[in-house]
Amino acid sequence: MRTATPSTARAINDRIALELLRDEGPLTAGQLRSRTGLARPTVADLLERLREAGLIAVVGEAGAERRGPNARLYGLVADRAHLAAVDVRAHSVTVRVADLLGRPLAEASLPVDPDAGTGPRPRPTGVLVDAADLVARTVAEAGAARLHTVAIGAPGLIDPATGALSPAGGPPRWHGRLSAVLRERLDVPVLLENEVNLAAVAERRLGAVRDRDTFALLWLGHGTGAAVVLGGRLHRGASGGTGEIGFLPVPGTSALPSATACDGGFHSLAGSAAVCALARDHGIRPADAPATARAESRAAAPAEVPDGAAAAEAVVRAAGEAGERGGGFLGFLDFLDALADRVVLGAAALCAVLDPGCVVLGGETGRAGGTALAERVERRLARMSPLRTEVRATAVAGSAVLSGAVLTAMDAAHEELFSSGR
């Protein structure tokens with residue numbers, strides 16, 4: 001076994017200390033010694049190195065409750081680097097800028113014409129320029145001189161070999177070009193990831209499954225999808241298509257999905273257009289939802305496709321009727337039961353193949369249904385499958401896609417900064 005050189009040992013110790021400060025917040029030198037097992041001189045040296053590199057600073061004092069001098073608290077320099085998260089939809093672009101600790105500094109959205117193209121000229125035009133301008137304005141609003149990393153979440157398949165958005169499923173052409181445009185304009189690394197995968201990252205770090213390394217996220221929004229996390233790692237599949245559950249053939253539809261369209265698959269039962277139709281069948285209109293519910297729906301998914309908001313409104317009201325008050329208009333409860341009958345088909349398919357032990361209901365409809373929908377799906381799943389599986393509602397505040405993109409960009413920045421000390 002080769003012995004680590006002094007420089008290698010220093011780099012390892014620095015990285016351990018930085019990760020502790022990231023995960024636990026400000027610590028004293030004594031706390032770092034206790035957590036790392038390093039000697040006092042070693043910790044003193046690494047703290048000095050990291051301060052000189054501009055990665056940490058004294059952020060306060062601890063020990064006011066005891067006698068003697070207070071101990072200095074060291075923390076990461078949050079503005080050492082800035083990150084941007086971009087959530088790309090057919091009808092909108094939303095940008096969030098955060099610091100090195102992932103704390104949001106500014107956020108803005110831009111509505112997009114779903115028929116917008118990029119023009120025949122080789123230089124980007126129209127929506128691409130508007131989206132890049134939105135990122136630049138949001139960065140300026142956050143007070144960031146420049147970005148370290150950008151992470152984009154988009155619907156569709158991300159080719160694991162190239163990192164590019166696959167044309168399968170027919171995403172708008174500008175989705176596939178946006179990462180290259182931002183990379184050229186901002187001159188920073190740009191990461192592209194499937195939006196549901198990013199939501200799963202956020203769910204594991206900030207939301208409903210912080211206690212689990214293996215789970216599946218069932219996305220119920222304008223479209224349907226799934227993300228799979230096995231042993232703490234996203235499973236993307238050979239072509240990046242793990243979780244394309246909208247193409248799953250299911251009973252209750254009038255056709256079968258095809259290689260180019262998921263009509264007739266699970267999407268036709270649980271996508272937002274189908275949820276709106278189901279609500280109407282039960283005498284429910286989005287206008288029946290209270291104004292507060294409509295506002296919460298829009299806050300959870302800014303600038304989403306209109307039927308996505310409408311579906312969420314109907315589910316919010318139905319879930320409310322099934323909650324503390326109970327009773328209420330029977331149509332609401334029947335609607336929620338009928339929706340659970342559909343959602344469980346997707347959940348059961350994930351469980352039969354993966355046995356994840358836990359399924360999280362995400363997306364606009366999953367968030368709106370909350371515990372009321374999750375409990376109904378879990379009961380149905382227990383009758384359909386011998387595999388014991390929890391079903392939980394999403395617990396990420398705000399947009400899970402943006403939160404996951406911030407975490408992804410933050411991890412990339414930490415990897416580079418913590419490894420190089422720059």
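Okay, let's start with I56. In this predicted model, if we skip residues up to four places away in sequence, I56 touches L18, L21, L47, L50, R51, Y74, G75, L76 and V77. I56 also belongs to the largest nonpolar core, which has 47 residues, and together with F215 and L217 it touches the most other members. Which helix gives the most to this core? That's α13, residues 400–420, with 11 residues. And there's a second, separate core of 44 residues, with V275, A279, A310 and V377 among them. A bit of background here: in soluble globular proteins, nonpolar side chains tend to be buried together.

Right, next up is the sheet. It's an open one with five strands, in the order β6-β5-β4-β7-β8, and the pairing is mixed. Which strands sit at the edges? Those are β6, residues 104–111, and β8, residues 190–194, and each of them pairs on one side only. If you ignore direction, neighbouring strands here are turned by 15° against each other on average.

Let's zoom in on one pair. Strand β4 covers residues 82–88 and strand β5 covers residues 92–99, and the two pair in the antiparallel sense over seven bridges. If you want to find one of the bridges on screen, look for A85, whose bridge partner in β5 is R96. In case it's new to you, strands of a sheet pair through backbone hydrogen bonds, either parallel or antiparallel. Now look for helix α4, residues 127–141: it lies across β4, β5 and β6. Relative to β6, helix α4 runs at about 155°.

Last stop, helix α12, which spans residues 363–384 and is where you'll find G366. Is G366 buried or exposed? Buried, because its relative accessible area is 0%, and the cut-off for buried is under 20%. Leaving aside neighbours within four places in sequence, G366 is in contact with L220 and L361. You can also check G366 against R392: they're 26 residues apart in sequence, and their C-alpha atoms are 9.4 Å apart in space.

The other residue to click on in α12 is R376. With a relative accessible area of 12%, R376 counts as buried too. And what does the side chain of R376 have 3.3 Å from one of its polar atoms? It's the backbone oxygen of A372.

That's my tour, so over to you for questions.

Notes:
Residues are numbered from 1 along each chain as its sequence is written. This is a predicted model: local features need pLDDT of at least 70, side-chain atom pairs count only at pLDDT 80 or more; totals for chains, interfaces and linings use all residues. Side-chain values use heavy atoms; hydrogens and water are left out. A nonpolar core is a set of buried Ala, Val, Leu, Ile, Met, Phe, Trp, Tyr and Cys residues joined through side-chain atoms within 4.5 Å. Buried means under 20% relative accessible area, exposed over 50%, partly exposed in between (1.4 Å probe, protein chains only). Helices (H or I, at least four residues) and strands (E, at least two) are DSSP runs, numbered from the N terminus. Contact means heavy atoms within 4.5 Å. A polar contact is a pair of N or O atoms within 3.5 Å; within protein, one must be able to donate a hydrogen and the other to accept it, and residues adjacent in sequence count only if both atoms are side-chain atoms. Two strands pair if DSSP finds at least two bridges between them. Axes are lines fitted to C-alpha atoms, for helices over the stretch in contact, and angles run from 0 to 180 degrees between N-to-C directions.
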